[in-house]
Amino acid sequence: MAAGPKARAATSKTGAKTKPRTERDIADHGVIGNLATVALVACDGAIDYMCWPNLDSPSIFAGVLDADKGGVFELSPQIDEPRVVQMYLPDTNVLLTRWMGSDASAEITDLMIDTDDAGEAPTRLVRRVTVTRGKATIRLRCAPRYDYARVVPSVAIKTGCAVFSGKGNPSLRLGGDVDFVKGEGEVTAIVTLRAGQSVTLMLDEAHEEPLDADAIGRLIDATIARWRAWAGQSTYKGRWRDAVTRSALVLKLLTSRRHGSIAAAGTFGLPEARGGIRNWDYRAAWIRDSSFSIYALMRLGYHNEAKDFYRWLGDRALHASKGGQLQVMYALDGGEIAPERTLGHLAGYGGAAPVRIGNDAVTQLQLDIYGELMDSIYLSNKYGEAISHDRWLGVCRVIDYVCRHWKEADAGIWEVRGPPRHHLHSRLMCWVAIDRAIRLASKRSLAAPFTRWIKVRNAIHDDIWCNFWNEKAGHFVEERGGKDLDAALLLMPLVRFVGATDPRWLATLDAIGTRLTDDGMVFRYKRDDGLPGKEGAFSACSFWYVECLARAGRMDEARMIFEKLLRYANHLHLYAEEFDQRAGLTGNFPQGFTHLALVSAAFYIDRELAGHGQRDWPA
């Protein structure tokens, strides 16, 4: 299990020491959710991150970004020198945290109720604490902070519950069989339990019908059964079932049941490095993640989720501008992303400030997104339902846009905030966009300007081979006329632009291994990107590298690095966006892109080890 949270003394403006605050490491968390929002649960029993009622709503708990101001919901069994173990109930997103001491033991079950197919059920956070041996005192503190910790709520104690209110914010009710004590914007409680005794707490909106402990217990059982039934649909039976199943459950948590979209990550503001300024808001659906999402979900047998996401993506093409241009990212409901703003009142994780919400990258030109969109639409049509006439017309507008604009410089996959460049990856994905559109039209006998599309596709192909191969360096390069490498080049064989054993590609793979890789962890690039500070190794790129090694026939090396990467996850098989130099987790958490790449690599290596040769799915 990851190292525990650290208590650090805060200092007031006068220099006097104040009450110690707890700073919790990113890796010391599990995640729970209900397909509307998620919450992070730390190993010490604190929920220090949650947005309410939806993933992209303002936060009510953000203690992971500011232990003093952010808000937190703490449950703490008072047991001397306990061993703390955190685990999921098998094949669920229900989290169990256990404190085991010499004279007593206790456990907290954390979950969000999920029993509704339509996505209309209220958000309900449930925490059940049980003493399993001896006698233990449990300390509770619930201190929500509305609107990204800009509003301290008023508190009212009522029979069996506490109610938090703030103008313009939802009134929240914390119910449970404890004696709540009112504080400034918070409630506390102390309860002593003996072996076999438990207390159930539920946080929901005050206007909802209150539920007794028996009713909550039935909802807990139903939620557990629902998660297990969903996990049981997986068709993956390979060597790394625990890691792949957990990745699938993470992707499901990041999925909006109401809209079918998938968020890039569960959080905002968790930085790529402590003390740095590379802190972004990932609570949105990136077009870029689409093809990987569709691929992984179909691979795992989750065709309904793949269909829902495909429909969401198809609607983006259908509603593209008249010129066929798409946004880089969308809100989970398909709407606009809010402009980027800073939350200057929050200290930031490990002092990494400013904390940002919204994302200005939405205004960038990123031409690669069209390839990801079309790859996912192509896969969905090949292995799922046929595209509608209206959506195909939308696709045609999008492809015509690519045909007109593929030569332009852009911000690229890594959303660099500097002058536009001519990126190989952007060219590559423009090629993918047109190639998949041609294939789809051919397979479905759809009307399309084949001659024009094929001509442009071939022109992009020639441009890449002529202008992005550096003869002197002996490998492909990230930028036209440049000499630097970029881990996004790892997608070249994965999208079937170049053969996985082509000599030029193998030379590029070797160069990436030499210059961008550190003990299996792959950095996106090693050049100046215009932002101060350093970033870590990019987790998804590390799994892409493993898959490229396997496709190149270097199975021993691929499997060894894959096993290392599996050990770099936290104690619950969860990954953030990046690894630091010690393979610690950094960046927003949990990160869907990483878990998608893990699933893809696991499938390919499994198949090769089973001796099924070079068959590639999907073709």
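These questions and answers concern a predicted model and the grounds for the terms used to describe it.

Reader: Why is Thr 200 called buried?
Author: Its relative accessibility is 13%, and buried means under 20%; Thr 200 therefore counts as buried. Thr 200 is found in strand β18, residues 198-205.

Reader: What makes the pair Thr 200 and Arg 128 a polar contact?
Author: The two side chains come to 2.9 Å, and the limit for a pair of N or O atoms is 3.5 Å. Arg 128 is also among the residues in contact with Thr 200 when neighbours within four places in sequence are left aside; others include Val 126, Asp 177 and Ile 216.

Reader: Why is Thr 267 called buried?
Author: The relative accessible area of Thr 267 is 1%, and the cut-off is 20%, so Thr 267 is buried. Its place is in the loop between α3 and β19.

Reader: Which polar contacts does the side chain of Thr 267 make?
Author: One, of 2.8 Å, joins it to the side chain of Asn 588. In another, a polar atom of the Thr 267 side chain lies 3.0 Å from the backbone nitrogen of Phe 589. Both residues also appear among those that Thr 267 touches, as do Leu 40, Tyr 49 and Tyr 282.

Reader: What makes α8 mostly covered?
Author: Of its 21 residues, 17 are buried. Helix α8, residues 424-444, also gives the most to the largest nonpolar core, with 12 residues. That core has 206 residues, and those with the most contacts inside it are Leu 174, Leu 490, Met 492, Trp 544 and Phe 562. Apart from the largest core lies another, of 12 residues, among them Ala 264, Tyr 282, Met 329 and Ala 361.

Reader: How do you know that the span of α8 is close to the expected one?
Author: From its first C-alpha to its last, α8 reaches 30 Å, and 30 Å is expected at 1.5 Å a residue. Ser 445 follows α8 and has a positive phi, near 55 degrees.

Reader: How are α3 and α14 placed with respect to each other?
Author: Their axes come within 9 Å and cross at roughly 145 degrees. The crossing is left-handed. Residues of α3 including Ala 243, Ser 247 and Leu 251 take part in the meeting with α14, where His 595, Leu 596 and Ala 602 are among the partners.

Reader: What makes the peptide bond from Trp 52 to Pro 53 cis?
Author: Its omega is near 0 degrees. Pro 53 sits in the loop between β5 and β6. A cis bond also joins Ala 353 and Pro 354, with omega about 5 degrees; Pro 354 is in the loop between β21 and β22. Most peptide bonds are trans.

Reader: What is the phi of Leu 35, and why is Leu 35 called buried?
Author: Phi of Leu 35 is positive, about 70 degrees, although Leu 35 is not a glycine. Its relative accessible area is 5%, under the 20% cut-off, so Leu 35 is buried. The residue lies in the loop between β3 and β4.

Reader: Why is Asp 91 called partly exposed?
Author: The relative accessible area of Asp 91 is 26%. Buried requires under 20% and exposed over 50%, so Asp 91 is partly exposed. Asp 91 lies in the loop between β8 and β9, and its phi is positive, near 60 degrees.

Terms used. Residues are numbered from 1 along each chain as its sequence is written. This is a predicted model: local features need pLDDT of at least 70, side-chain atom pairs count only at pLDDT 80 or more; totals for chains, interfaces and linings use all residues. Side-chain values use heavy atoms; hydrogens and water are left out. A nonpolar core is a set of buried Ala, Val, Leu, Ile, Met, Phe, Trp, Tyr and Cys residues joined through side-chain atoms within 4.5 Å. Buried means under 20% relative accessible area, exposed over 50%, partly exposed in between (1.4 Å probe, protein chains only). Helices (H or I, at least four residues) and strands (E, at least two) are DSSP runs, numbered from the N terminus. The expected span of a helix is 1.5 Å times one less than its number of residues. Contact means heavy atoms within 4.5 Å. A polar contact is a pair of N or O atoms within 3.5 Å; within protein, one must be able to donate a hydrogen and the other to accept it, and residues adjacent in sequence count only if both atoms are side-chain atoms. Axes are lines fitted to C-alpha atoms, for helices over the stretch in contact, and angles run from 0 to 180 degrees between N-to-C directions. A crossing is left-handed if the near helix is turned anticlockwise from the far one by less than a right angle, and right-handed if clockwise.
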